Amino acid sequence: MAGTNSSEIRVAGVGRLYVAPSGTKVPTTFSTDTTTDWASWKNLGFTTGDGVTFSKKDKLEPIDVWQAVSPVHFVYSDRDLTLKFSLLQFNEDTLPFFMGGGTVGALDATGSPGVYTYDVAERPFADVRALGLEFTDVRASDGSTVTYRFGIPRGQVTASDDIKLARKAASQLGITFTAMSAADGSALASFVMKDSAYAAS
């Protein structure tokens, strides 16, 4: 709806991040149990209170001509779509995701129960995944809950922040996840909203 409307202001009050095999689509079913909707995804757990930073940057190349001092046309040369966040939990899903793939293994067979290992590869490999995000908000007008989902069906971690190990702060796995194009030309990412603000007026 055009014009001022406080019920269309969104605050990402509570959110979650999920990861799944490449090509997994963001769920479009909204049941009373979120875990059921995201059953085929891995919940990445707690993140810092900063939440997620969503960034979309398009690069345009100007076409200049002799007859004008301003560009007469622009050509899109690049689109960079990223999500940046910091995970707070260390486990068999988050550590390999941060480090760029691989698996955590148990050493039980060697007589060391409760001991696990993760090997960092000698060189980086492509670790393509699907990333999903969900957040809920309460509408200011009537107190009803709205839910937003955002999914990147194909992408990978393109930057990892330093891990600080300190006595007075929780260690964080800071990640930048970048969307990648699919060979079939499908969407780079998708929003799915349970929000009446988008109903045709």
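This is a short group-meeting talk about the fold and packing of one predicted protein model.

Okay, hi everyone. Keep in mind as we go that this is a predicted model.

Let's start with the whole chain. It has two helices and 10 strands. If you walk along from the N terminus, the order is β-α-β-β-β-α-β-β-β-β-β-β. Now, how does the radius of gyration of the chain compare with that of a compact globule of 201 residues? Such a globule would come out near 17 Å, while our chain has 21 Å. The C-alpha atoms fill a box of roughly 75 × 55 × 40 Å along the principal axes. Buried residues make up 28% of the 201 residues. And if you take the contacts with a separation of 6 or more, 65% of them are between residues 24 or more positions apart.

Next, strand β7, which covers residues 129-138. Eight of its 10 residues are buried, so we can call this strand mostly covered, using under 20% relative accessible area as the cut-off. Which strands does β7 pair with? One is β1, residues 14-21, antiparallel over eight bridges. Another is β8, residues 145-160, again antiparallel, over nine bridges. You can follow this through a single residue, R129: its bridge partner in one direction is P21, and in β8 its partner is G155.

Let's stay with β8 for a moment and look at T147, which sits in that strand. Is T147 buried or exposed? It counts as buried, because its relative accessibility is 11%. Setting aside residues up to four places away in sequence, T147 touches F30, E134, F135, T136, V192, M193 and K194. F30 also has a charged residue over it: R149 lies over the face of its ring, 3.9 Å from the ring centre.

On to the aromatics. The whole structure has eight aromatic pairs. One of them is F54 with F150, an edge-to-face pair with 5.0 Å between centres and 75° between the planes. F54 is in strand β3 (residues 53-63) and F150 is in β8, so this pair ties together parts that are 96 residues apart in sequence. The two partners have their own settings: F54 is partly exposed at 40% relative accessibility, whereas F150 is buried at 4%. Elsewhere, ring pairs link Y18, W38 and W41 into a cluster.

Now the inside. The largest nonpolar core has 21 residues, and F85, F97, I175 and F177 touch the most other members. Which elements give two or more residues to this core? They are β1, β4, α2 (94-99), β7, β8 and β9 (173-179). The largest share, five residues, comes from β8. Take F97 as an example: leaving out neighbours within four places in sequence, F97 is in contact with V19, L44, F85, L87, R129, L131, V157, I175 and F177. So R129, our bridge residue from before, turns up in that list as well. There's also a second, separate core of seven residues, and A20, V26, A130 and V192 are among them.

Last stop, a loop. D64 lies between β3 and β4 (73-87). D64 counts as exposed, because its relative accessibility is 56%. D64 and F74 are 10 residues apart in sequence, and their C-alpha atoms are 9.0 Å apart in space.

That's my tour, thanks for listening!

How values were computed. Residues are numbered from 1 along each chain as its sequence is written. This is a predicted model: local features need pLDDT of at least 70, side-chain atom pairs count only at pLDDT 80 or more; totals for chains, interfaces and linings use all residues. Side-chain values use heavy atoms; hydrogens and water are left out. Buried means under 20% relative accessible area, exposed over 50%, partly exposed in between (1.4 Å probe, protein chains only). Helices (H or I, at least four residues) and strands (E, at least two) are DSSP runs, numbered from the N terminus. Two strands pair if DSSP finds at least two bridges between them. Contact means heavy atoms within 4.5 Å. Rings of Phe, Tyr and Trp (its six-membered ring) pair if their centres lie within 6.5 Å; planes under 30 degrees apart count as stacked, over 60 as edge-to-face and the rest as tilted. A charge sits over a ring if NZ of Lys or CZ of Arg is within 6 Å of the ring centre and within 35 degrees of the ring normal. A nonpolar core is a set of buried Ala, Val, Leu, Ile, Met, Phe, Trp, Tyr and Cys residues joined through side-chain atoms within 4.5 Å. The radius of gyration is taken over C-alpha atoms; the globule rule is 2.2 Å times the number of residues to the power 0.38.
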